[in-house]
Amino acid sequence: MFKEVDIARLNWDGVRIAHCRLPPSQAHELVPASEPGAIATGYNGQRQAVVQLANGRTVARTIPRGTIGLTGAEPIYWLRTQRSAEILEISASPELRCEIATALGVGNHADLADMHGWADHHAWAILDRFRAAARNRLALSDVERDGLVRQLYNRVYCAKFGGRADAWRGSPLDGRRLGRTLEFIEAHVDASLSIASLAAVAAYSPFHFARSFKLTTGWSPHQYVMARRLEHARALLLEGNRSTVESIAYRCGFTNLSHFRGLMRSRLGVLPSEVVS
């Protein structure tokens, strides 16, 4: 199916994402490796693929298509594959993995483990959103992609390592914490935001913050940030200044112009060009 190596990457602080289209490989060719602490899915599946483990041992693995695979603390090398491979892999930094695992009570499993062939539609759905984003078919905001990575690792730690997602059900943010957070968003609407940066302003852990924010406002952090960015953009468009729609989008934190136009149409019912007075 695939005759050449084709890799699309999506990276930001603490997270690396790769969508790979790879031809069948032999041991003497470029050897792909699964990143430590990574979560991946293979869309084509493999029969009797030969992999080399951290201890140097080689084993043959058959991996059903669409299943989830995990890498432990050491990389896994794919020495030989019988068919073309399409793979989406996400690897969070050791610090981010430790933060999430510790919040779930399974800090000793922060590095995950070498597992393959796990079927999970929840995890697959998140991975597939990143496949579309890596290929520029879906625009994800900074806060949204950060939240999705955390959801994915939460799911894995809970489903495979005994993490306790329901151990803390959350309580609303008090007025001071909420006020600081909302003011910070207003002041940094054009900046790159994350769950961790917003949680730091509220003096909450990232794990607790997202749930408490939604309990307080009715919006997830991503939804609220998008709503405020759209409102800032609408206000600038209404001013009728000479800035282009594209420059206004960038000034309000939107890095994808078509995504900005689509959001304004779906959320506000108008296109940016229809707002300009």
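Modeller: In this structure, two strands count as paired if DSSP finds at least two bridges between them. Please keep in mind that this is a predicted model.

Biologist: Thanks! Which residue in β8 does Gln52 stand opposite?

Modeller: Strand β5 (residues 46-52) and strand β8 (residues 76-80) run antiparallel. Three bridges join β5 to β8, enough to meet the cut-off of at least two. In β8, the residue opposite Gln52 is Tyr77.

Biologist: And which are the edge strands of the open sheet with the order β3-β8-β5-β6?

Modeller: Four strands form this open sheet, and their pairing is antiparallel. Each edge strand pairs on one side only. The edge strands are β3 (33-34) and β6 (58-63).

Biologist: Let's turn to the sheet of six strands. Which strands stand at the edges, each with a single partner strand?

Modeller: The order in this open sheet is β1-β2-β9-β4-β7-β10, with antiparallel pairing. On average, neighbouring strands are turned by 15° against each other, direction ignored. Two strands have a single partner each, so one side of each is left without a neighbour in the sheet: β1 and β10 (115-118).

Biologist: Which residue in β9 stands opposite Ile39?

Modeller: Strand β4 (residues 38-42) is joined to β9 by five bridges, and the two run antiparallel. Opposite Ile39 in β9 stands Ile90.

Biologist: At about what angle does α3 run to β10?

Modeller: Two helices can be described against these strands. α2 lies across β1, β2, β4, β7 and β9, running at about 100° to β9. α3 lies across β1, β2, β4, β7, β9 and β10, and its angle to β10 is about 95°.

Biologist: Now the interior. Where does the largest share of the largest nonpolar core come from?

Modeller: This core has 33 residues, and Ile17, Ile39, Ile90, Leu112, Phe130, Tyr153 and Tyr157 touch the most other members. At least two core residues come from each of β1 (6-12), β2 (15-22), β7 (68-70), β9 (85-92), α1 (94-103), α2 (121-134) and α3. The largest share, seven residues, is supplied by α3.

Biologist: How many residues are in the second, separate core?

Modeller: As background, nonpolar side chains in soluble globular proteins tend to be buried together. The second core here is separate and includes Leu178, Leu198, Cys252 and Phe254. Its number of residues is 28.

Biologist: Back to the helices: is α3 roughly parallel or antiparallel to α7?

Modeller: Helix α3 (residues 142-161) packs with helix α7 (residues 221-238) at an angle of about 175°, their axes 8 Å apart. Angles over 145 degrees count as roughly antiparallel, so α3 is, relative to α7, roughly antiparallel.

Biologist: Which residues in α7 do Asp142, Val143 and Glu144 in α3 meet?

Modeller: By class, the contact of α3 with α7 has three nonpolar, one polar and three charged residues. The residues on the α7 side are Pro221, His222, Val225 and Arg229.

Biologist: Does Asn136 count as buried or exposed?

Modeller: Asn136 lies in the loop between α2 and α3. Its phi is near 60°, a positive value in a residue other than glycine. Its relative accessibility is 70%, and the cut-off for exposed is over 50%, so Asn136 counts as exposed.

Biologist: And what does Ala203 count as at 51% relative accessibility?

Modeller: Ala203 sits in the loop between α5 (195-202) and α6 (206-217). Although not a glycine, Ala203 has a positive phi of about 60°. With 51% against a cut-off of over 50%, Ala203 counts as exposed.

Technical notes. Residues numbered from 1 in each chain as written. Predicted model: local features only at pLDDT ≥ 70, side-chain atom pairs only at ≥ 80, totals over all residues. Heavy atoms only, no water. Axes fitted to C-alpha atoms, helices over the stretch in contact; angles between N-to-C directions. Parallel < 35°, antiparallel > 145°, perpendicular 65-115°, else oblique. Contact = heavy atoms within 4.5 Å. Nonpolar A, V, L, I, M, F, W, Y, C, P; charged D, E, K, R; others polar. Core = buried A, V, L, I, M, F, W, Y, C linked by side-chain atoms within 4.5 Å. Buried < 20%, exposed > 50% of the residue type's maximum accessible area, 1.4 Å probe, protein only.
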